[in-house]
Amino acid sequence: MKLRCLSTLVAVPFLVTGLAPVLSAKPDREPILGFAGDSGLRYFPDEHGNRVPDFSHAGYMGGNAPIPSPRILVQVEPAGGDDTARIQAAIDHVAAQAPGDDGLRGAVLLRPGRFEVAGQLLITTSGVTLMGSGQGDGGTQLVATGEGRRTLIRIRGEADRVLDEGRRRQVVQRYVPVNAATLDLDSTAGLAAGGRVVLHWPSSEAWLESLGMQKTNYEGHLDWRPGFYDLTFDRTVTAIDGNRVTLDAPITMVMDRDLAQATITPYDWPGRISGIGVENLELVSEHDRSQPMDEEHAWMGIVFENTENAWVRRVTGRHFVSSVVCIWESCRAITVSDCRSLEPVSEVAGYRRHTFYTAGSQTLFLRCFSEEGLHDFATGWLAAGPNAFVDCDTRLSHDFSGPIESWATGVLYDGCDIDRGGLMLMNRDRDYAGVGWAAGNCLLYNSTAARIGVYDPPGDDTNWAMGCWGLFYGRGEFRAQNEFVKPDSLYRQQLAERVGEALAARIGAVPDEADGEAAVEAPAVDAVAADRIAALGKPAPPPSHPLVLTNGWLTIDGKLAVGGTMGVNWWRGKVQPQLAHRPYVFGYGVTRYVPGRVGNGFTDDLDELTDIMLDRGDLALEHNMGLWYDRRRDDHQMVRRPDAMVWPPFYEVPWARSGEGRNWMQLSKYDLTKFNPWYFSRLREFADQAGRKGLVLLNHHYFQHNILEAGGHWADYAWRSANNINGTGFPEPPPYRNRKRIFMSEEFYDVTHEVRRPLHQAFIRKQLESFAGAPNVIHLIGEEFTGPEHFARLWVETIRDWQAENGDEQLVAISTTRDVQEPILADPQLSPTIDVINLLSWHHARGGIAKAPRQQGGGGASPRQVAEYRRRHPGKAVIGDFGRGNGWELVFSGASMVELPPLDDDAVLAAIPAMRPWQPEGGLGGKSLALADPGRAYLIWSRDGAPIRLDLGGIDRSFRAQWIDPQDGTTIDATGAIAGGGEVTLRPPRSSHRILWLR
């Protein structure tokens, strides 16, 4: 039985006894929290010891110290134009200074005026503050200019935490109540006062069952799964007494050994940074003023990663799409005070307008204001409290504030006023990909909102509302509805009782106004960091390892281009870190986007991704647009969505939204005459990385999965008439077969349609324009089924005409079924446009039905067919989805971009582009294949190990001979030179070394 009563705070407490807003008086409840003026707060635990948490540990230094005022080391004046390099150079200059005894290095002062930032500002070193000269007129304005869904200021330590598993200790007490800070362990050996530890609560099957989250009433992939919802409380040991440890901040959830085994583990985190500040300035995200829902501008103002003991104060953010301040789960002890979010510009939709957000621990938002947010003051995935929002207000909220993702515990909303929106502590069920229970042991205190929702999770955790005003929903613990209670602020009272009134007053004080005209003696950045400015201002280096078509081979650095091919994920994904961060669970996605999150499973870091490709031995990335933007469509249903609360990760499409109307996702409709700048900029960034690292982008223009098979593929597709403003003329409602399937290929590929034809041509041209001057790109018509002949002809003709107009002959591959491929290659007007023949879809369409290759049981071509095409089209390269294991056979047939084992001597790859498949009269003996540049070099593979007979008659020179093992790439030099002038017979020196290289 739960005995959770809240109160001697008011004379007559109230309880919601049914569906809100029905109220009845229950004055006889046992109190949990009381206040008696000078005597302070009194807590009344339930029979298990659970009580209202002490939220005063939230904020900078865990609520134990006021925010410091670092000395100014360098100042920056606005120069006009892009100031990114100058400000970053100032940040780097301060980062290079030695820290003081307080760990702080110093501050960069931005003088009054408008600073333009076309890129991103990055702080990666402890003790650095970025300081403006005030907000508003006469202050500092930092403007994120141009397009790009970026974070303006990214504060990022290294994710290099190492747990000392050898000193992991078990919590032995049977029950750890809410607000406990002292734990009994099986041993304290290896632990020490002052040591940093993680208290880990595993998401066991029993615990998930106790919350009712392991088996839900919706799709199984949205259920909570053991191991993916672990809670980690980041703490410092303050005292050890025998096998008992005391931590520096309380635990904000019940830990019952009948459900799981909690542990404490010491850790080292050398790359986590601290002592970072941003203050006294205005951040602006420049946007398209003609498009009121424009999203092609900076999404986030300030993002913290792998950071502790930091602050943001007196910062105004304007026009950002998502968060003005966002704190990820790798952070703790951060204060955000006296900040505002004004005039956001975006769709009012999922994962937008999470204005002030934390997934961290011990974070404090104090006196912040947000207008027209969606979730203005929100906590995220598994946020291990205490976290607090104090005196935070909104205007015209579009939805609720509160925990919005799974199981945030110990969150306080104290003195908050949520205009038009709600304050909700609840089970969010399937929202945002199966959030389920979002809140545990959270408290709404002296706050107002249009809706007050408090729901009680199963078990001994609970949620409370006290002294709140609004329409009440839920069966949680309500007290004193539509009344205010004493003390005015629970957070301030708890803080004062813990650290003393004097220190509490300093911690919670309103920061002084910045004087933008104050004299500053610090040197100007141009005087102390000119070299840094010059280095940062240099353009990115041009491609140094271009892809080149040579003698029918694709080459890089003069060598045959070989390696595997990496694909991209078409759909699926989670933004919950414990799921998304697991290596390669959700693959890779160049145009997959998660607001503010960078890394595998989120918005992939393309420098990191290309390095992974190199490490794996992959040569190419095969890209196609995603199957659908919104993760809700993973259910493959065709229904119109009820609202715009789309789920990430978002698989972006090439077309831009118009800001007009509502598509099937309830976002604004697409405009197929305009293109998504972020989508193409990401592809271009990858192509530039590929050119610098010797990789290849296989760029599929179309993705035909949307027009075939399951009806859900068509439901949200940009070309569907209901989803765009262009009058594409597809039938509405769609002609779903058996209420399940869609077959829209005939209409989609109609090149005579007066609307669709020019849309196709403009789209193809955009693909080429986006890669002007990028040599490491091969253009293909599309993934899967690639259309009938008349559509493929339009595609090639459009490319031909664009190349003639622009003088930019990018590499183009014909990648269609054979019945389409053959006539195009035979057409003297079109064949010269084709540089590469892709044999992925090498077969006829059966019965004239438009299906994808895998539907027809088809696949890539054989080495024999590769050799056929090389003979017929010797100047064109041949590639395909050849798989692994027969790389050498394909090379000897004339294929490029195949997988070979690592070679002892990769000089052979430089020799191959001068050769062609070769078979002399009389053969070579046994089952041999050969490449040759006759008279100069030969590469012969004795597949059966038989002796190789080679006629070198008429050749007046000697050859160096090497033998290569086709399985592992090892090389053995033959004894002595091989003389020309006659026939020679050479035997493999070992059964494994069967490839002979004469040069």
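# Notebook: helices, a sheet and some odd backbone spots

**Helix α1.** I began with helix α1, residues 84-95. At 1.5 Å a residue, its twelve residues should span 16 Å, and the end C-alpha atoms are indeed 16 Å apart, so the two values agree. I note here that the model is a predicted one. Next I looked up burial. Eleven of the twelve residues of α1 are buried, so the helix is largely enclosed by the rest of the structure. I listed the buried ones: Thr-84, Ala-85, Arg-86, Ile-87, Gln-88, Ala-89, Ala-90, Ile-91, His-93, Val-94 and Ala-95.

**A sheet of six strands.** I then turned to an open sheet. Its six strands run in the order β57-β58-β59-β66-β62-β63, and the pairing is antiparallel. Which strands form the edges? They are β57 (916-917) and β63 (971-973), and each of these pairs on one side only. I reminded myself that strands of a sheet pair through backbone hydrogen bonds, either parallel or antiparallel.

I went on to strand β66, residues 995-998. In the sheet order, β66 stands between β59 and β62. How many bridges join β62 to β66? I found four, between residues 961-964 of β62 and residues 995-998 of β66, with the two strands antiparallel. In this pairing, Ala-961 is opposite Leu-998 of β66. Strand β59 (residues 937-942) is also joined to β66 by four bridges, and these two strands run antiparallel. Here I noted that Ile-940 has Leu-996 of β66 as its bridge partner.

Where do the side chains of β66 go? Ile-995 and Trp-997 point one way, while Leu-996 and Leu-998 point the other way. Are these four residues buried or exposed? All are buried.

**Helices α13 and α14.** I checked helix α13 (residues 756-769) against helix α14 (residues 789-806). Their axes come within 10 Å and cross at roughly 50°. That angle makes α13 oblique to α14, because it lies outside the ranges for roughly parallel (under 35 degrees) and roughly perpendicular (65 to 115). The crossing of α13 past α14 is right-handed. I wrote down who makes the contact. From α13 come Arg-757, His-760, Gln-761, Ile-764, Arg-765, Leu-768 and Glu-769. From α14 come Phe-791, Leu-794, Trp-795, Thr-798, Ile-799, Asp-801, Trp-802 and Glu-805.

**Helices α15 and α16.** Helix α15 covers residues 818-826, and helix α16 covers residues 863-872. At what angle do their axes cross? The angle is roughly 15°, and the axes come within 13 Å. That makes α15 roughly parallel to α16. This crossing, too, I recorded as right-handed. The contact involves Arg-818, Gln-821, Glu-822 and Leu-825 of α15. On the α16 side I found Glu-868, Tyr-869 and Arg-872.

**Leu-283.** I picked out one residue in strand β22 (residues 277-285), namely Leu-283. Leu-283 has a relative accessible area of 0%, so it is buried. What does Leu-283 touch, leaving out residues up to four places away in sequence? The list is Leu-142, Leu-152, Ile-153, Gly-301, Ile-302, Val-315, Thr-316, Gly-317, Arg-318 and Phe-320. I also looked up its separation from Asn-551. Leu-283 and Asn-551 are 268 residues apart in sequence, and their C-alpha atoms are 54 Å apart in space.

**Cis peptide bonds.** I looked up two proline sites. Pro-648 and Pro-649 are joined by a cis peptide bond, with omega about 0°. Pro-649 sits in the loop between β48 (618-623) and β49 (650-651). The bond from Glu-732 to Pro-733 is also cis, and its omega is near -5°. Pro-733 belongs to the loop between α11 (712-715) and α12 (745-748).

**Positive phi.** My last entries are on backbone angles. Asn-441 is not a glycine, yet its phi is positive, about 60°. Where is Asn-441 found? I located Asn-441 in the loop between β37 (439-440) and β38 (443-445). With a relative accessible area of 1%, Asn-441 is buried. Gln-666, another residue other than glycine, has a positive phi near 80°. Gln-666 is placed in the loop between β50 (655-657) and β51 (670-675). Its relative accessible area is 15%, so Gln-666 counts as buried.

Notes
Residues numbered from 1 in each chain as written. Predicted model: local features only at pLDDT ≥ 70, side-chain atom pairs only at ≥ 80, totals over all residues. Heavy atoms only, no water. Pairing = 2+ DSSP bridges. Expected span 1.5 Å × (residues − 1). Buried < 20%, exposed > 50% of the residue type's maximum accessible area, 1.4 Å probe, protein only. Axes fitted to C-alpha atoms, helices over the stretch in contact; angles between N-to-C directions. Parallel < 35°, antiparallel > 145°, perpendicular 65-115°, else oblique. Left-handed = near helix turned anticlockwise from the far one by under 90°. Contact = heavy atoms within 4.5 Å.
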